[in-house]
Amino acid sequence: MTIRISSRIRIISLLALITISACVLPEGDVIADPVEPTRFEDVTEAAGIEGGVGQAAWADYDHDGDVDLMNGSALLQNNGDGTFKRVEVGASGPGVWGDANNDGRLDFYRHTGEGELRLNQGGGMFKSVEFFRNTNRLSESAAWADANGDGILDLYVTNYEHPQNPQRDFYIESNADGTYKKAVQLNKKQAWSARGVNWADFDNDGDQDLYVSNYRLMPNQLYVNDGSGKFTEQGWQRGVAGTDSGAGRESPDYIYTGHTIGSCWGDLNNDGLLDLIVVNFAHPPKWQNRPQVLVNDGPPDYKFTDTNKDAAAGIYWQESYAKAALGDYDNDGDLDVYMTTVYGGDTGELFENDGSGRFRKVGDELKVRRKNSYQVAWADYDNDGDLDLFVAGRLFRNIGNRHSWIKVKVVGGAGSNGAAIGARVRVTSHGGKLAQIREVSGGNSGNQNPLTAHFGLRDHNKTVKVEVFFPSGKYNAWHVKPRTTFVARESEAKKPGGDTTTGP
């Protein structure tokens, strides 16, 4: 079968249509040995995992080449041999990692309480600095992005409710020294009960837009960035606020939609457009929004279509879905998703993508279903080229997967933020016939996958093309061997130009 894949990327002022032809495997481009089925092994105790299970944030904070884990409030340092040790270095979570002062070291923002920014001093030590104080003290998530394009990370901090009185969120524009310019509310009309936040360039115009997941049957919000850090809320116009079931006219303030705890962005069908999974907690009444698989329809309007109505995309209903994380666990070239639950009768589920954005449940088959968690994140903690799963305080090592892969670590600092959060990475393989995109993300509704982008390549062992579109608008392309971790540095990049079908 031939699949037509097209991708449209606009980098700052440059708008181009990138067309990639049929996804067909070339002859002779295979691994000689048969590919074993993927399996997971629970290695929690053997790995020395300990700590809370509130949320999970992976990052290589000590720059030694392996990813460390903030497990709830416990920082677990990766020993590089498959084990972890708890360290007391003046940083604890839950929160998110980012290079707040562009010094090349990953800093940590703890979002609980009034919040706290801890700058990485090197040598395993952190220093708390004066930063924004969240006086509402009800945050369940935060996320970094350079929203105004000045090369410095900005921050969005959600606030929930007490007891059912919603508290306002804050958007914080940062300075290079770790201080901030101002903290403002993007929604000046109404406070919502927010529980998740995610940044992404869904409309391919080169800046970071913002999606906020709201609970209590409140509509979700999509803040569209004009490139300068000024936003227009367009959730209803773009089809991502939720679905008006007709049962929600009881409230004087809003149309009832869903109880959304977390959401996540990713290109589910490899068409070069970021789609959105909205993880709706939903009680049995059918008018409450079920989990949504919102596929990006692309230009000119960049609206979204829910392909999971009546579970048509394969994401079946459980009452207490909470958070989700995307990752290509089987290295077959598409993004799979794990969704957590929080009610005792429900269990988290792993859904395998068939490549078109449709899913089948495989959690029982792979023995990774877990109860009671807001926590889920993927990471290749043992550096063997496949993604391992951390969920509900348990670490599941991915074994038996012999598909090919490549990882891309993007380094900013020549116009972009040092962690290159917001960079878009495209990897093209199979003779130019299969392309995948990822964005370097500064947080996923309270959880965080590593900043290094991971790509499964199926049976492809030949050179791949790696393209990086940096937040500054610079671009570069490299040809890289698979089964490696490639470092893409902005210092080697250039401004876009030339034939954008193939890059400058």
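How do the residues of the lining of the second largest pocket divide into nonpolar, polar and charged? They divide into 11 nonpolar, 7 polar and 6 charged. Keep that split in mind for the tour. The model on screen is predicted.

**Stop 1: the second largest pocket**

Start with the space itself, about 460 Å³. Its lining has 24 residues, and those closest to the pocket centre are L186, N187, K188, Y223 and F231. Select these five and centre the view. Next, colour the elements that give two or more residues to this lining: strand 14 (170-174), strand 15 (180-184), strand 18 (221-225) and strand 19 (231-233). Strand 19 supplies the largest share, 3 residues.

**Stop 2: strand 18**

Select residues 221-225, which form strand 18. This strand is mostly covered, with 5 of its 5 residues buried. Show the side chains. Q221, Y223 and N225 point one way. L222 and V224 point the other way. Both sets are buried.

**Stop 3: the neighbours of strand 18**

Add residues 209-214, strand 17. Strand 17 pairs with strand 18 in the antiparallel sense, over 3 bridges. To see the register, pick V212, which stands opposite Q221. The hairpin of these two strands has 6 residues between them. Within that hairpin, select R216, where phi is positive, near 60°.

Now move to strand 19. Strands 18 and 19 run antiparallel and are joined by 3 bridges. Y223 has E233 of strand 19 as its bridge partner. Here the hairpin has 5 residues between the strands. Select G227 in this hairpin: its phi is also positive, near 100°.

**Stop 4: the second largest cavity**

Keep Q221 and Y223 selected, since both recur here: they are among the residues that line the second largest cavity. L186 and N187, picked at the first stop, belong to this lining too. Complete the selection with Y156, Q167, R168, D169, Q185, Q190, A191 and W192. The space they enclose is about 80 Å³. By class, the lining has 5 nonpolar, 5 polar and 2 charged residues. How many cavities of 30 Å³ or more does the structure hold? It holds 2.

**Stop 5: the largest pocket**

Zoom out, then select N449, P450, L451, T452 and A453. Of the 50 residues that line the largest pocket, these five lie nearest its centre. The pocket holds about 1100 Å³ of space. Its lining divides into 21 nonpolar, 17 polar and 12 charged residues.

Colour the strands that each supply at least two lining residues: strand 16 (194-200), strand 20 (259-266), strand 24 (321-327), strand 31, strand 33 (434-439) and strand 34. Which strand gives the largest share of this lining? Strand 31 does, with 4 residues.

**Stop 6: strand 31**

Select residues 405-411, strand 31. Is this strand largely enclosed or open? The rest of the structure largely encloses strand 31, because 5 of its 7 residues are buried.

Now bring up its partners. Strand 34, residues 453-456, runs antiparallel to strand 31, and 4 bridges join the two. Strand 37, residues 485-489, runs parallel to strand 31, joined by 5 bridges.

End on V408. In strand 34, A453 stands opposite V408. In strand 37, the bridge partner of V408 is F486. A453 also takes you back to the largest pocket, as one of the residues nearest its centre.

Technical notes:
Residues numbered from 1 in each chain as written. Predicted model: local features only at pLDDT ≥ 70, side-chain atom pairs only at ≥ 80, totals over all residues. Heavy atoms only, no water. Buried < 20%, exposed > 50% of the residue type's maximum accessible area, 1.4 Å probe, protein only. Pairing = 2+ DSSP bridges. 1 Å grid on protein atoms, 1.4 Å probe; cavity = no way out; pocket = protein on both sides within 12 Å on 5 of 7 lines; lining within 4 Å. Points joined across faces, edges and corners; volume = space filled by probe spheres on them. Nonpolar A, V, L, I, M, F, W, Y, C, P; charged D, E, K, R; others polar.
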